[in-house]
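I opened my notebook today to look through one structure with you. Have the sequence and the 3D view ready, and follow along as I go.

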Amino acid sequence: MISRLLTLILSLFTLFACSDVPEENGPKRVTTAYLKSLCRGDHYRIVEDLSIRGVVVATDWLGELNKSLIVVDPTGGMEVAIDCKEIAGRVPIFSEVEILCSGLALARIGSKIELGAMPTGDFPLDNIDDVMFDRYIRVVGVCSDFEAPTKRFSEVGSSDISNIFRFEGVRICDEERGMKWCDTDENNEPITTYRTFVDSEGYTLAVRTLATCDYATESIPTNEITVIGAIDYSDNRYFLKVVNKTIIE
């Protein structure tokens, strides 16, 4: 499993730069960084005829995300909220997609800006409804030779949120050695759990694993490992979400 995933990671896709020139008779293609810049407050309704194009690097494939996917381009990443089961069946990992943004919305959830549907209730953003999926999200191909950039824990910052990175030579902290990725409740069911990883420089970064994750009850390796995951931010701290079970011992 790990070797297959490593092969995928090392032979992914070539991300090509987004153009800000409109396609003929089509929306103006912008970068994820530009799209995020439009959300200066708590939320922003996208009325402009815009699109973004990038590579899907994480979905609900292994339960690591819930009702969302992450798409990246050379300027960063964007999490997209979708009310759809088995997103990975419709948008395979490492697909190249175009997302048509007109009529969608951006919302600032903590320090993360997400893309989704206009809110209809108290929550700042709704998920894109399953029946509207094909209207907004189109698979346009696949790419090759993409590698997640390598980063150190000490380098993680706000511009990295929703992007994926490779962290080498990290391990579970001493206090949590021997633990599983997720704790369990009184019924022995997994619950979403934070663990603490430490790197060779002594810096730490929280790792959050959802209860829905396929490997939630597996033990965390106790030796140094390489992980690839998406940066997120909540409760005044950055944390990592491992993607595609890329845990290389």
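**Entry 1: a residue on the surface**

Is Glu86 buried or exposed? I am working with a predicted model, so I kept that in mind while looking it up. Glu86 has a relative accessibility of 64%, and because the cut-off for exposed is over 50%, Glu86 counts as exposed. I found Glu86 in the loop between β5 and α3 (87-90). Its backbone caught my eye too: phi of Glu86 is near 55°, a positive value in a residue other than glycine.

**Entry 2: another positive phi**

Next I turned to Lys67, where phi is near 55°, again a positive value in a residue other than glycine. Where does Lys67 sit? I traced Lys67 to the loop between β3 (50-58) and β4 (68-73). At 35% relative accessibility, I noted Lys67 as partly exposed.

**Entry 3: the whole chain**

Then I zoomed out. I counted four helices and 17 strands in the chain. The radius of gyration is 18 Å, close to the 18 Å that the globule rule gives for 249 residues, so the chain is as compact as a globular protein of that length. I also wrote down the span of the C-alpha trace along its principal axes, which is about 55 × 40 × 30 Å.

How much of the chain is buried? I found that buried residues make up 51% of the 249 residues. The chain exposes about 11,700 Å², and carbon and sulfur atoms supply 45% of that area. For contacts with a separation of 6 or more, I noted that residues 24 or more positions apart account for 65%.

**Entry 4: Ile99**

I picked a residue in a strand next. Ile99 belongs to strand β6 (residues 95-100). Is Ile99 buried or exposed? Its relative accessible area is 0%, so I wrote it down as buried.

Which residues does Ile99 contact, leaving aside its neighbours within four places in sequence? I listed Leu50, Ser51, Ile52, Val71, Val80, Leu104, Leu115, Tyr136 and Ile137. For one of these partners, Val80, I looked up a distance as well: the C-alpha atoms of Ile99 and Val80 are separated by 9.6 Å, and the two residues are 19 apart along the chain.

**Entry 5: a buried loop residue**

Ser162 lies in a loop, the one between β10 (137-142) and β11 (164-172). With 1% relative accessibility, Ser162 counts as buried. Not counting residues up to four places away in sequence, I found that Ser162 touches Lys36, Ile70, Val72, Gly77, Met78, Glu79, Lys112 and Ile231.

**Entry 6: the largest pocket**

Two of those partners, Glu79 and Lys112, came up again when I looked at the largest pocket. That pocket has a volume of about 370 Å³. How many residues line the largest pocket? I found 21, of which Glu79, Ile109, Lys112, Glu114 and Arg208 lie nearest its centre. The elements that give two or more residues to this lining are β5 (76-83), β8 (112-117), β16 (225-234) and β17 (237-248). The most comes from β16, with three residues. I sorted the lining by class into eight nonpolar, five polar and eight charged residues.

**Entry 7: the second largest pocket**

About 220 Å³ of space lies in the second largest pocket. Its lining has 14 residues, and here I met Glu86 from my opening entry once more: Asp60, Gly63, Leu65, Asn66 and Glu86 lie nearest the centre. By class, I noted five nonpolar, four polar and five charged residues in this lining.

**Entry 8: two last stops**

I looked up Thr209, which has its place in strand β15 (residues 204-209). Thr209 is buried, with a relative accessible area of 5%. Which residues is Thr209 in contact with, beyond those within four places in sequence? My list reads Trp181, Cys182, Ile191, Thr192 and Thr193.

My last stop was Gly26, in the loop between α1 (2-10) and β1 (28-29). At 23% relative accessibility, Gly26 counts as partly exposed. I also noted that Gly26 and Leu50 are 24 residues apart along the chain, with 8.7 Å between their C-alpha atoms. Leu50 was already in my notebook, as one of the residues in contact with Ile99.

Methods
Residues numbered from 1 in each chain as written. Predicted model: local features only at pLDDT ≥ 70, side-chain atom pairs only at ≥ 80, totals over all residues. Heavy atoms only, no water. 1 Å grid on protein atoms, 1.4 Å probe; cavity = no way out; pocket = protein on both sides within 12 Å on 5 of 7 lines; lining within 4 Å. Points joined across faces, edges and corners; volume = space filled by probe spheres on them. Nonpolar A, V, L, I, M, F, W, Y, C, P; charged D, E, K, R; others polar. Buried < 20%, exposed > 50% of the residue type's maximum accessible area, 1.4 Å probe, protein only. Contact = heavy atoms within 4.5 Å. Rg over C-alpha atoms; globule rule 2.2 N^0.38 Å. Areas by Shrake-Rupley, 256 points an atom, 1.4 Å probe, with all protein chains shown as cover.
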